[in-house]
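Open the model in your viewer and keep the selection tool at hand. The tour goes from one selection to the next and says what to look for at each stop.

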Amino acid sequence: MLQVKTANDKTWQVDIEKDTILLNGTPFDWDIQAIAPNTYHIIKDSKSYTAELIAADYQAKSFTFKINGVKQTVSVKDRFDLLLDKLGMSNADAQKVNDVKAPMPGLILDIKVQPGQEVKKGEPLLILEAMKMENILKSPGDGIVKEVKVQLRQNVEKNQVLILF
């Protein structure tokens with residue numbers, strides 16, 4: 001069982017039983033033919049569609065299609081994702097960031113963020129010099145900077161909190 005959700009919050013339940021696809025419990029009859037890599041021709045209810053997969057994030061289970069020239073993004077959850085949601089242990093909660101700590105003793109050379117700033121996973125937060133090498137510390141997840149606990153040219157110890165989210 002899969003749950004497919006569009007960007008405008010339309011949701012479908014997709015079940016695959018033997019050779020039949022059920023969409024919200026109803027058989028979904030269609031004809032699909034690959035016409036190029038990631039491009040398909042679909043006939044459903046005597047209507048013709050061209051669908052092209054233009055982006056796929058398999059880790060986030062998010063896919064963007066262009067259907068007859070119109071972009072549609074969908075997210076997919078399998079039965080395990082749905083069970084984790086039901087138990088309150090969704091993957092989105094696991095991505096939340098609380099703080100960034102110094103991985104080693106060093107000197108703060110540059111601070112790239114300020115309180116109130118929104119950051120995405122992988123964005124540079126600050127530069128820490130340790131053993132004559134510059135280390136760019138990046139955000140481990142998405143969040144909003146609550147407080148910068150260090151100043152430029154400050155010496156820090158290993159595991160010292162540098163930034164709070």
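## The four-stranded sheet

This is a predicted model, and the tour begins with an open sheet of four strands, whose order is β14-β13-β11-β17 and whose pairing is antiparallel. Select residues 133-138 for β14 and 155-156 for β17: these two strands stand at the edges with a single partner strand each, so one side of each is left without a neighbour in the sheet. As background, the strands of a sheet pair through backbone hydrogen bonds, in either a parallel or an antiparallel sense.

Next, select residues 106-111, which make up strand β11, and follow the four bridges over which β11 pairs with β13 in the antiparallel sense. One place to zoom in is L107, whose bridge partner in β13 is E129.

Stay with β13 and turn to its pairing with β14, which is antiparallel and runs over six bridges. Here L128 stands opposite N135 of β14. The two strands β13 and β14 form a hairpin with two residues between them, and in the turn you can select M131, which has a positive phi of about 50°.

Is β13 largely enclosed or not? Five of its seven residues are buried, so β13 is largely enclosed by the rest of the structure.

## The nonpolar cores

Now show side chains and select L126, L162 and I163, the residues that touch the most other members of the largest nonpolar core, which has 16 residues. Two strands, β13 (124-130) and β18 (161-164), each supply at least two residues of this core. The largest share comes from β13, with three residues.

Which residues does I163 touch, leaving aside those up to four places away in sequence? Its contacts are N98, D99, V100, V113, L125, L126, V145 and E147. Apart from this core lies another one, of six residues, and to find it you can select V4, F63, V74 and V76, which are among its members.

## The nine-stranded sheet

Move on to the open sheet of nine strands, which has the order β4-β3-β2-β1-β9-β8-β7-β6-β5 and antiparallel pairing. At its edges stand β4 and β5, each with a single partner strand, so one side of each is left without a neighbour in the sheet.

Within this sheet, select strand β9, residues 70-78, and then β8, to which β9 is joined by six bridges, the two strands running antiparallel. A pair to label here is S62 with its bridge partner in β9, S75.

## A patch on the surface

Switch to a surface display and select W30, I32 and Y40, which form a nonpolar patch on the surface with about 270 Å² of accessible area together. Of these, W30 is placed in the loop between β4 (26-27) and β5 (31-36), and W30 is partly exposed, with a relative accessible area of 37%.

## The salt bridges

The last stops concern charged side chains, for the structure holds six salt bridges. Select D81 and K61, whose side chains meet in one of them, at 2.7 Å from N to O. Why can this pair be said to tie together separate parts of the chain? D81 lies in helix α1 (residues 79-86), while K61 lies in the loop between β7 (47-57) and β8 (62-67), so the pair ties together parts that are 20 residues apart in sequence. K61 itself is partly exposed, with a relative accessible area of 24%. Add D78 to the selection, since K61, D78 and D81 are linked in a network of salt bridges.

Then select K44 and D45, which form a salt bridge with their closest N and O atoms 3.4 Å apart. The two partners differ in their surroundings, because K44 is buried, with a relative accessible area of 19%, whereas D45 is exposed, with a relative accessible area of 60%.

Finish with K112 and D110, another salt bridge, in which the closest N and O atoms are 3.1 Å apart. On this pair, K112 is partly exposed, with a relative accessible area of 44%, and D110 is also partly exposed, with a relative accessible area of 26%.

Technical notes. Residues numbered from 1 in each chain as written. Predicted model: local features only at pLDDT ≥ 70, side-chain atom pairs only at ≥ 80, totals over all residues. Heavy atoms only, no water. Core = buried A, V, L, I, M, F, W, Y, C linked by side-chain atoms within 4.5 Å. Buried < 20%, exposed > 50% of the residue type's maximum accessible area, 1.4 Å probe, protein only. Contact = heavy atoms within 4.5 Å. Salt bridge = Lys/Arg side-chain N within 4 Å of Asp/Glu carboxyl O. Patch = residues over 30% accessible without salt bridge, like charges linked within 9 Å, V, L, I, M, F, W, Y side chains within 5 Å. Areas by Shrake-Rupley, 256 points an atom, 1.4 Å probe, with all protein chains shown as cover. Pairing = 2+ DSSP bridges.
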